Each structure stands twice: as C-alpha cells, then as structure tokens.
Amino acid sequence: EEWKAMELNKGADPISDQLKAAIAEISPEHAKNMEDKAAAARSRMFDSAIADVEKRNDQINVVKQDANAKLTAKIKNLEASLRKKEEDLRRANNTIDKNESA
C-alpha cells in the first residue's frame, strides 16, 4: 500500500505535503525493517569494497615482488660483469707492467 501511494507521488516535489503524508503512513516496524535492510546493504557494499581493495593490493604486491626479483637479478649480473671487467683490467695492467720491466 505504501508503495502504491508513493507511485502516485512519483512526479511530486520531494518535499511536497503528499510525499510527507505517504512517508508518515509507513509503520514504525516497516521503517525499521527498511532501515535494517539499508544498513545491511551498506555493510555488504563496504565489505565488497574492502575485498576489492585488498585484492588490488595483493595484485600490486605480486607485481612489486616480480619487479624486485628482476631488478635483483639484473644487479647481480651487472656486478658479475663488473668483477670480470675489473679482473681483465688487472691482467692487462700486469701484462703492461711485465712488458715495461722487461
């Protein structure tokens, strides 16, 4: 019944007397039930939003871990290459020193 009354007021100004009267006719029990349903819906939406954020954070962490692993491997390769070049340079310097002293 309440909804039929509201349907009649569909085009009414939201603060009209008709709408105020229709709202006033809603029983306290029905109003409480509507309030509880709205609260439950808000809670579900909030829980869903939190789950979405947590899922996205997990995805971001996986990407970060992958990037860190790749960077660590690259750094190790560069360090190994640098050590080899330093050793090659030492050998070249030793060869020059031997040739100069001969």
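This is a short chat about reading helices, exposure and salt bridges in a predicted model.

Trainee: Let's begin with the overall layout. How many helices and strands are there in the protein?

Mentor: Keep in mind that we're looking at a predicted model. The protein has three helices and zero strands. Going along from the N terminus, the order of elements reads α-α-α.

Trainee: And what share of the residues counts as buried?

Mentor: Just look at the percentage: 5% of the 102 residues count as buried. About 9100 Å² of the protein is exposed, and 57% of that comes from carbon and sulfur atoms.

Trainee: Okay, on to salt bridges. What's the general idea?

Mentor: When charged atoms come close, side chains of opposite charge can pair. In this structure, you'll find six salt bridges.

Trainee: Which residue does Lys32 form a salt bridge with?

Mentor: That's Asp36, and the closest N and O atoms are 2.8 Å apart.

Trainee: Where do Lys32 and Asp36 sit relative to each other?

Mentor: Both are in helix H3, which covers residues 28-101. Lys32 and Asp36 are four residues apart there, so about one helical turn separates them.

Trainee: Is Lys32 exposed or partly exposed?

Mentor: Lys32 has 44% relative accessibility, so it counts as partly exposed. Its partner Asp36 is also partly exposed, at 37%.

Trainee: Can we try another pair? Which residue does Asp66 bridge to?

Mentor: Asp66 forms a salt bridge with Lys70, with 3.3 Å between the closest N and O atoms. Asp66 and Lys70 both lie in helix H3, four residues apart, which is about one turn of the helix.

Trainee: How do I read the accessibility of Lys70?

Mentor: Here a cut-off helps: exposed means over 50% relative accessible area. Lys70 is at 55%, so it counts as exposed. Asp66, at 40%, counts as partly exposed.

Trainee: What about Glu87 and Arg90?

Mentor: Their side chains meet in a salt bridge at 3.1 Å, N to O. Glu87 and Arg90 are three residues apart in helix H3, so they're separated by about one helical turn. Glu87 is partly exposed at 31% relative accessibility, and Arg90 is partly exposed at 45%.

Trainee: Which residues do salt bridges with shared partners join into one network?

Mentor: The network is made up of Lys84, Glu87, Asp88, Arg90 and Arg91. So when you meet the Glu87 and Arg90 pair in the model, look at the other members too, because salt bridges that share partners link them all.

Terms used. Residues numbered from 1 in each chain as written. Predicted model: local features only at pLDDT ≥ 70, side-chain atom pairs only at ≥ 80, totals over all residues. Heavy atoms only, no water. Salt bridge = Lys/Arg side-chain N within 4 Å of Asp/Glu carboxyl O. Helix = DSSP H or I, 4+ residues; strand = E, 2+ residues; numbered from the N terminus. Buried < 20%, exposed > 50% of the residue type's maximum accessible area, 1.4 Å probe, protein only. Areas by Shrake-Rupley, 256 points an atom, 1.4 Å probe, with all protein chains shown as cover.
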